[in-house]
Amino acid sequence: MMQRLRDSSWLNALADLFFPPQCLACHSPLSASILPLFCPACQAQLPWIRPPLCTCCGMPFRAGGNHLCAACLTRPPSFTLARSLFHYEEPIRSAFLGLKFKKELAFAPSLTMLCSHSVLRADFSEPDCIVPVPLHPLRLRERGFNQAVLLARACFPQWRRRVAPLALVRQVYTPSQSSLDGKARRRNLRGAFKVADSVRLVGKKVLLVDDVFTTGTTVEVCAKALQEAGAARVEVFTLARSVVG
Ligand SMILES: [Zn+2]
Ligand SMILES: [Zn+2]
């Protein structure tokens with residue numbers, strides 16, 4: 001019996017019968033739950049970020065080679081490097097919003113697989129500790145889970161035990177940042193994050209994880225707090241990167 005339980009293919013077959021797999025983006029039925037769960041049309045449109053990009057913040061360039069962007073040259077960020085898997089566009093946007101607001105967890109195993117295929121994965125050094133950007137306790141209560149924690153676990157399964165969801169604390173409840181420019185975001189987030197008293201980061205390599213990199217203000221403020229707590233190096237992973245309009 002144990003042997004049969006370990007062989008979960010019949011369980012998968014049963015699950016497919018009752019919950020037929022669907023494309024995470026367009027919800028068209030799939031013939032079998034082969035990861036990642038996108039139909040061929042959506043999969044062909046996955047907006048991967050590929051070089052050339054800024055060697056520091058990971059901003060993609062249209063042509064040329066990797067180099068530092070103007071923003072990183074004039075104002076070097078507190079993190080050493082930041083990389084995102086995708087442009088924040090369809091079909092990733094729909095799949096991600098499903099995960100974030102409806103807790104559609106089918107995206108998580110697909111992410112594990114997609115992340116392992118990204119050429120940018122090699123840019124990260126092995127972290128001592130993975131820190132998801134926290135939600136304010138009020139928002140966490142409202143939503144029930146922190147999508148950055150799910151992303152950290154799904155995208156770095158080999159370092160799953162190094163994920164420290166409580167290392168950073170969000171002290172200030174901030175309204176939605178999406179309508180604000182970089183300067184206003186920075187003002188809004190000043191003092192918003194602190195490292196938990198019980199966490200020792202001195203000399204550690206930290207991988208900070210968030211969902212979407214927009215102006216980079218949130219990860220910059222977090223990276224600064226981590227550095228001030230003694231972190232030797234902070235790298236940033238975000239699922240997607242949106243172009244600031
Ligand atoms: Zn589709
Ligand atoms: Zn840059």
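Helices and strands are DSSP runs, the helices (H or I) of at least four residues and the strands (E) of at least two, numbered from the N terminus. In these terms, proline 52 sits in the loop that links α3 (40–44) to α4 (70–74). The structure described here is a predicted model.

**Overall composition and confidence**

The protein chain contains 10 helices and 6 strands. Of its 245 residues, 32% are buried. Among contacts in the protein chain with a separation of 6 or more, 68% join residues 24 or more positions apart.

The mean pLDDT of the protein chain is 88, and 89% of the residues reach at least 70. By element, the mean is highest for strand β2 (residues 129–132), at 98, and lowest for helix α1 (residues 2–6), at 44. The pLDDT stays below 50 over residues 1–6, and this stretch makes 0 contacts in the model beyond near neighbours in sequence.

**Helix α8 and its surroundings**

Helix α8 (residues 147–155) is largely enclosed by the rest of the structure, because 9 of its 9 residues are buried. The buried residues of α8 include the polar or charged side chains named Gln147 and Arg153. Also buried in α8 are Ala148, Val149, Leu150, Leu151, Ala152, Ala154 and Cys155. The elements that cover these residues include two helices, α5 (92–102) and α6 (107–116), together with β2, β5 (205–213) and β6 (233–241).

One of these covering elements, α6, can be followed in detail. The axes of α6 and α8 approach within 8 Å and cross at roughly 50 degrees. Angles of 35 to 65 degrees are classed as oblique, and α6 and α8 are therefore oblique to each other. The crossing of α6 over α8 is right-handed. On the α6 side the contact involves Ala108, Leu111, Thr112 and Cys115, and on the α8 side Leu150, Ala154 and Cys155. By class, these residues are 6 nonpolar, 1 polar and no charged. An α-helix has 3.6 residues a turn, so residues three or four places apart point the same way.

**Helices α9 and α10**

A further helix pair is formed by α9 (residues 182–189) and α10 (residues 217–228), whose axes lie 9 Å apart at an angle of about 40 degrees. That angle makes α9 oblique to α10. Here, too, the crossing is right-handed. Gly182, Arg185, Arg186 and Leu189 of α9 meet Thr217, Thr218 and Val221 of α10. This contact comprises 2 nonpolar, 3 polar and 2 charged residues.

**Backbone exceptions**

Most residues other than glycine have a negative phi, and most peptide bonds are trans. The table lists sites that depart from this pattern.

| Site | Backbone feature | Value |
|---|---|---|
| Proline 51 to proline 52 | cis peptide bond | omega near 10 degrees |
| Glutamate 90 to proline 91 | cis peptide bond | omega near 0 degrees |
| Histidine 27 | positive phi | phi near 60 degrees |
| Lysine 103 | positive phi | phi about 50 degrees |

These sites fall in loops. Proline 52 is located between α3 and α4, and proline 91 between β1 (81–87) and α5. Histidine 27 belongs to the loop between α2 (9–18) and α3, and lysine 103 to the loop between α5 and α6.

The surroundings of the two residues with positive phi can also be stated. Histidine 27 has 12 other C-beta atoms within 10 Å and is therefore exposed. Lysine 103 counts as partly exposed, because it has 14 C-beta neighbours inside 10 Å.

**The surroundings of cysteine 72**

Cysteine 72 lies in helix α4. A residue needs 20 or more other C-beta atoms within 10 Å to be buried; with 19 such neighbours inside 10 Å, cysteine 72 counts as partly exposed. Leaving aside residues up to four places away in sequence, cysteine 72 touches Cys54, Cys56, Cys57 and Pro77. The separation between cysteine 72 and cysteine 54 is 18 residues in sequence and 8.3 Å in space, from C-alpha to C-alpha.

Methods
Residues numbered from 1 in each chain as written. Chains lettered and ligands numbered in written order. Predicted model: local features only at pLDDT ≥ 70, side-chain atom pairs only at ≥ 80, totals over all residues. Axes fitted to C-alpha atoms, helices over the stretch in contact; angles between N-to-C directions. Parallel < 35°, antiparallel > 145°, perpendicular 65-115°, else oblique. Left-handed = near helix turned anticlockwise from the far one by under 90°. Contact = placed C-beta atoms within 7 Å. pLDDT = per-residue confidence, 0-100.
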